[in-house]
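Let's take a walk through this protein together, one stop at a time. Have a look at the picture below before reading on.

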Amino acid sequence: MLRRRAVKHFSTSFLVSILCLALAAWWGYAHGGLTAALTAFGIALILGVMEVSLSFDNAVVNASVLKHWDAFWQRIFLTVGILIAVFGMRLIFPLVIVATAADLGIGEVWNLALSDPKQFSAYLSRHHDEVAVFGGIFLLLVALNFLMDEAKELHWLGHIEAKLATLGKIGSVPVLVALLVVISSLALVEPDQEFVVLIAGVWGVIVYVAVDFLSALLERDGATEVNVGSVVKSGGIGGFLYLEILDASFSFDGVIGAFAITNDVVIIMLGLAIGAMFVRSLTVYLVRQGTLDEYVFLEHGAHYAIGILALIMFASVKYHVPELVTGLLGVAFILASVGSSIRYRHREASSSAE
């Protein structure tokens, strides 16, 4: 029965994957024959697996928000949301960055991506620092607001985490910490990049707080406290925007990493689309199966993984951190939290039996 439910939840993802892999093979064949077709197929498959491994913690955090939404907004997240994730973040956003940097039109940039992918990749990589800091600060605020939530009753790391939660009494502490991290990150960049990196970090904070304000305005009749974690869980436009920006913060680093594997923007989009679709399906599966209620520390592990990813994104402005390391760290936190959840459940069962 459980297997049948799993197949149902992931059936669309498998169909999309088959379609994307077929398109990748066709694209390769059209540009280099059978050998190129097999290469394109393999690269798209690798990129899909990489995206899922890097974004598993994203799915857990998405599920912690999505489980409070009604069926309508869950469907919006899986339809409109997936279009934004695949075409908006994996294709349009990189084109916009290159268009801005090179002072070209979107059409010209698309032609550049197809005709001279190495040049396109060079333009994109040139703006890695500010993009990494923008996305990193948003992810860091997600992690900090979870850890510094005084309403959180269950603490994975016990006394240490409980002490962190008490800082949530002052709503501005996460923003203060985030701004200090942005200022500290300037020591990692070249002098001529300091200003643009600082502005990118400040904009990351502004966008996070703006989403909180919009959520409060639309869904809590003017609530003004900075507490995204509690506001967005009611669903609606504010919550939807929050999850889309969260996905954007996760995805763009994956887009940059994908260019280390191939310069073909079409193959990159198809491969990352596979991963994005599976992350969406995994999110809904976790919600429908009640996995977060069964594994009580899973959400904690995901937020710690997000915090580590945020710090890695900051470090990446100076040091190269392999995507494999990033993915394994995220998986390690997830597995550790699952193990702790199982032990916690056994202790609770033993206490109830006594």
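Helices here are DSSP runs of at least four residues, numbered from the N terminus. With that in hand, we can place Leu-241 in helix H10, which covers residues 236-258. Keep in mind that you're looking at a predicted model.

So what else does the chain hold? It has 14 helices and zero strands. If you read from the N terminus on, the elements go α-α-α-α-α-α-α-α-α-α-α-α-α-α. The chain counts 354 residues, and 49% of them are buried. Its accessible surface adds up to about 16,700 Å², with 67% of that belonging to carbon and sulfur atoms. Now think about who touches whom: of the contacts with a separation of 6 or more, 78% are between residues 24 or more positions apart.

Let's go inside. Which residues touch the most other members of the largest nonpolar core? They are Trp-69, Phe-120, Tyr-242 and Leu-243, out of 83 residues in that core. Take Leu-243 as an example: once you set aside its neighbours within four places in sequence, Leu-243 is in contact with Asn-62, Val-65, Leu-66, Trp-69 and Phe-77. There's also a second, separate core of five residues, and Phe-146, Leu-147, Phe-297 and Tyr-304 are among them.

Back to Leu-241 for a moment. Is Leu-241 buried or exposed? Neither, quite: its relative accessibility is 31%, so Leu-241 counts as partly exposed. Leu-241 and Asp-212 sit 29 residues apart in sequence, and their C-alpha atoms are 9.8 Å apart in space.

For a residue at the other end of that scale, try Asn-58 in helix H1, which spans residues 2-66. Asn-58 counts as buried because its relative accessibility is 0%, and the cut-off for buried is under 20%. Asn-58 also shows how the chain brings distant positions together: Ile-306 is 248 residues away along the chain, yet the two C-alpha atoms are separated by 7.7 Å.

Next stop, the surface. A nonpolar patch there is formed by Leu-179, Phe-195, Val-196, Ile-199, Val-202, Trp-203 and Ile-206, which together have about 600 Å² of accessible area. Which helix gives the largest share of this patch? That's helix H8 (residues 194-219), with six residues. Val-202 has its place in helix H8, and Val-202 counts as partly exposed because its relative accessibility is 31%. Ile-206 lies in helix H8 too. With 40% relative accessibility, Ile-206 is also partly exposed. Ile-206 has a link to another part of the chain as well: Phe-138 is 68 residues apart from Ile-206 in sequence, and 9.3 Å apart in space, C-alpha to C-alpha.

Now let's look at Asp-129, which you'll find in helix H5 (residues 128-147). Asp-129 has a relative accessible area of 15%, so this residue is buried. Who keeps Asp-129 company? Leaving out neighbours within four places in sequence, Asp-129 is in contact with Val-189, Gln-193, Val-197 and Val-317.

One of those contacts, Val-317, follows Ser-316 in the numbering, so let's turn to that serine. Ser-316 is found in the loop between helix H13 (298-315) and helix H14 (323-353). Being in a loop doesn't tell you how covered a residue is, and here the value is a relative accessible area of 17%, which means that Ser-316 is buried. The side chain of Ser-316 reaches the backbone oxygen of Met-313 at 2.6 Å. Setting aside the neighbours within four places in sequence, Ser-316 is in contact with His-128 and Ala-132.

Our last stop is another serine, Ser-184, in helix H7 (residues 173-185). A polar atom of the Ser-184 side chain lies 2.8 Å from the backbone oxygen of Leu-180. Ser-184 and Phe-314 are 130 residues apart in sequence, while their C-alpha atoms are 9.7 Å apart in space.

Note on methods. Residues numbered from 1 in each chain as written. Predicted model: local features only at pLDDT ≥ 70, side-chain atom pairs only at ≥ 80, totals over all residues. Heavy atoms only, no water. Core = buried A, V, L, I, M, F, W, Y, C linked by side-chain atoms within 4.5 Å. Buried < 20%, exposed > 50% of the residue type's maximum accessible area, 1.4 Å probe, protein only. Contact = heavy atoms within 4.5 Å. Patch = residues over 30% accessible without salt bridge, like charges linked within 9 Å, V, L, I, M, F, W, Y side chains within 5 Å. Areas by Shrake-Rupley, 256 points an atom, 1.4 Å probe, with all protein chains shown as cover. Salt bridge = Lys/Arg side-chain N within 4 Å of Asp/Glu carboxyl O. Helix = DSSP H or I, 4+ residues; strand = E, 2+ residues; numbered from the N terminus. Polar contact = N/O pair within 3.5 Å; in protein donor to acceptor, adjacent residues only side chain to side chain.
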